[in-house]
Amino acid sequence: ALMQQLLTGKKRFPEFEGEWEKIRLGDYAKIQSGGTPRTTIAEYYDNGKIPWVSISDMTAYGKYINKTDRNITDKGLENSSAKLYPQGTVLYAMYASIGEVSIASVDLTSSQAILGIQPDPEVINNHYLYFYLKSLQEKIILMGQQGTQSNLNAGMVKGFRLNLPSLEEQQKIAAVLNTADREIELLAQKLDY
């Protein structure tokens, strides 16, 4: 509920005022899908040091990805459509767990089922974008192209319209939501004991 109120501007911090700007995500972010090196070529994977994110890594490791179940080599990166995403890239699942979102906490690559979204840091805070995309997850599942499984494509994501407050307000919203996430995690850990 807090996330919905803060991300829609229904609840504002007293130090901020003014209209939010409506933008198209693709106009203010570099958005690319990943790729998978051929799995039959061992030298693309053996002793690889570059984390390669799959959907299962996103669901297993959650908000921040700093390790993966599988790594690729430089040769695997060079000989595939995989891209090296810098730390801070927002990872967005297009297939299977559609709408799942994570943030790269190290430089990494991903499968083609995942978009790497690198927002312009002068316009969009990556943590704000994480929460914004997370808040859309239920709608996105319904919006996905129907086939054997629901999915998105890069064009659809580039066309997403965001209502954006100032960068300072985005940072404050993200900080509050990050704090709320940490408190929820601590409570969950206490319940596990």
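Q: How many helices and strands does the secondary structure of the protein come to?
A: This is a predicted model, in which local features need pLDDT of at least 70 and side-chain atom pairs count only at pLDDT 80 or more, while totals for chains, interfaces and linings use all residues. Residues are numbered from 1 along each chain as its sequence is written, and side-chain values use heavy atoms, with hydrogens and water left out. Helices (H or I, at least four residues) and strands (E, at least two) are DSSP runs numbered from the N terminus, and the protein has seven helices and 10 strands.

Q: What is the radius of gyration of the protein?
A: The C-alpha atoms fill a box of roughly 55 × 45 × 35 Å along the principal axes. For a compact globule of 193 residues, the rule (2.2 Å times the number of residues to the power 0.38, over C-alpha atoms) gives a radius near 16 Å. The value for the protein agrees with this, at 18 Å.

Q: What percentage of the contacts between residues at least 6 apart in sequence join residues at least 24 apart?
A: Buried residues, meaning those under 20% relative accessible area with a 1.4 Å probe and protein chains only, make up 45% of the 193 residues. Where contact means heavy atoms within 4.5 Å, the share of such pairs that join residues at least 24 apart is 72%.

Q: Which strands stand at the edges of the open sheet with the order 5-3-8?
A: This sheet of three strands has mixed pairing, where two strands pair if DSSP finds at least two bridges between them. Strand 3 (residues 50-53) runs parallel to strand 8 and is joined to it by two bridges, with Val 53 and Ser 110 as bridge partners. Two strands each have a single partner, so one side of each is left without a neighbour in the sheet, and these are strand 5 (70-72) and strand 8 (109-110).

Q: Which residue in strand 7 stands opposite Ile 65?
A: An open sheet of five strands follows the order 2-9-6-7-4, again with mixed pairing, and its edge strands, strand 2 (29-33) and strand 4 (64-65), each pair on one side only. Strand 4 pairs in the parallel sense with strand 7 (residues 101-104) over two bridges. Within strand 7, the residue opposite Ile 65 is Ala 104.

Q: Which residues of strand 10 point to one face and are buried?
A: Strand 10 (residues 161-164) runs antiparallel to strand 1 (residues 21-24), to which four bridges join it, and Lys 22 stands opposite Asn 163. The side chains of strand 10 alternate, with Arg 161 and Asn 163 on the face that is not buried. The residues that point to the other face, and are buried, are Leu 162 and Leu 164.

Q: How far apart in space are Glu 17 and Ser 166, C-alpha to C-alpha?
A: Glu 17 lies in the loop between helix 1 (2-8) and strand 1, and is exposed (over 50% relative accessible area) with a value of 75%. Although 149 residues separate Glu 17 from Ser 166 in sequence, their distance in space is 9.4 Å.

Q: Where is Asn 47, whose phi is a positive value?
A: The phi of Asn 47 is near 60 degrees, a positive value in a residue other than glycine. Asn 47 is exposed, with a relative accessible area of 71%. Its place is in the loop between strand 2 and strand 3.
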